[in-house]
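Q: Got a minute to walk through this model with me? I'd like to start with how the pieces pack.

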Amino acid sequence: MHWDRLFEDLEGQLASEWESERAALDAESERLRVSRLELRSRLRVLCASAAPATIDLPGGMRIRARLHSLGSDWVAAAMIETEDASARRSTRILPLHAVRGLSIDHGLLLASLEDSEASAPVLRERMSLGFVLRDLGRRRVPVRVVSIDGSDFHGTVDRAGADHLDLALHDPGDARTASAVRGFRIIPFAAVTSVQTVGDQMP
């Protein structure tokens, strides 16, 4: 009986050591996986679950919105919790370089750490900001462009290059006609905080 108890004790110790070693390896493996995780991977998961978030933008601007689409260099979010009815129906296209941070529910935060490779990237994720702006311009969709210094421009995208756009300036709600246009502005993509559309007008 003495030897049986000794061997049982030794087996228990060995099993405990193996379990501790396996837990340590699992923890290290998880730390290594997370260290390779990119923001886009987490945003993909958050967009797939239409996560509500408070998004920090340049100049201390904060918006409450629901993430819903991810492009190659932008994320789109539908506005929520605003008194302006038209703003509630609007979508903001946010260049990733303008996103300063996101405040989200802790459960969604942890969920965004999961491996997003299971949900393969959709074709939309290959669309650049320029591609989206060219489409909005082609369809003559009025937009509101907010720059990183807080300037606010209303108009229609006439054209979009590789790193900038040409905006025909006109009053909100007006169509882009020669008589409505009161000027033109070239805006580098690097200076854009958000591009806002009204209603269901996203590509």
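Q: Which strands does H2 lie across?
A: H2 lies across S2, S3 and S5, and it runs at about 90 degrees to S2. Bear in mind that this is a predicted model.

Q: And which residues of H2 are buried?
A: Ser-41, Leu-43, Arg-44, Val-45, Leu-46 and Cys-47. H2 itself covers residues 39-48.

Q: What do those buried residues pack against?
A: Three strands and a helix: S2 (62-70), S3 (74-79), S5 (101-103) and helix H4 (106-111).

Q: OK, what about H5, which strands does that touch?
A: H5 packs on the sheet and touches S3, S4, S6, S7, S8 and S10. The direction of H5 makes about 95 degrees with that of S7.

Q: Back up to the sheet then. What's the strand order?
A: The order is S5-S1-S2-S3-S4-S10-S6-S7-S8-S9. That's an open sheet of 10 strands, with antiparallel pairing.

Q: Which strands stand at the edges?
A: S5 and S9 (183-188) do. Each has a single partner strand, so one side of each is left without a neighbour in the sheet.

Q: How many degrees are neighbouring strands turned against each other, on average?
A: 40 degrees, with direction ignored.

Q: Let's zoom in on S8. Is it buried or exposed?
A: 5 of the 6 residues of S8 are buried, so S8 is largely enclosed by the rest of the structure.

Q: How many bridges join S7 to S8?
A: 5, and the two strands run antiparallel. S7 and S8 form a hairpin, with 3 residues between them.

Q: And how many join S8 to S9?
A: 6 bridges, again with the strands antiparallel. Ala-168 is a handy marker here: this S8 residue stands opposite Thr-156, and its bridge partner in S9 is Phe-184.

Q: What about S3 and S4, how many bridges there?
A: S3 pairs with S4 (residues 91-95) over 5 bridges, in the antiparallel sense. One partnership to look at is Ala-78 with Thr-91, the latter being in S4.

Q: Switching to the core. How many residues are in the largest nonpolar one?
A: 20 residues. Leu-133, Leu-165 and Leu-167 have the most contacts inside this core.

Q: Which elements each supply at least two residues of it?
A: S3, H5 (129-138), S6 (142-147), S7 (152-160), S8 (164-169) and S10 (192-197). H5 gives the most, with 4 residues.

Q: What does Leu-167 touch?
A: Leaving out residues up to four places away in sequence, its contacts include Val-143, Val-145, Phe-153, Val-157, Phe-184 and Ile-187. Arg-185 is also among the residues that Leu-167 touches.

Q: What's in the second core?
A: That one is separate and has 17 residues, including Leu-57, Ala-65, Leu-67 and Val-99.

Q: Last topic, backbone oddities. What's the phi of Ala-50?
A: Near 50 degrees, a positive value in a residue other than glycine. Most residues other than glycine have a negative phi.

Q: Where does Ala-50 sit?
A: In the loop between H2 and S1 (52-56). Ala-50 counts as partly exposed, because its relative accessibility is 27%.

Q: And what's the phi of Arg-140?
A: Arg-140 has a positive phi of about 55 degrees, although it is not a glycine. The loop between H5 and S6 holds Arg-140, and at 43% relative accessibility Arg-140 counts as partly exposed.

Notes: Residues numbered from 1 in each chain as written. Predicted model: local features only at pLDDT ≥ 70, side-chain atom pairs only at ≥ 80, totals over all residues. Heavy atoms only, no water. Buried < 20%, exposed > 50% of the residue type's maximum accessible area, 1.4 Å probe, protein only. Contact = heavy atoms within 4.5 Å. Core = buried A, V, L, I, M, F, W, Y, C linked by side-chain atoms within 4.5 Å. Pairing = 2+ DSSP bridges. Axes fitted to C-alpha atoms, helices over the stretch in contact; angles between N-to-C directions.
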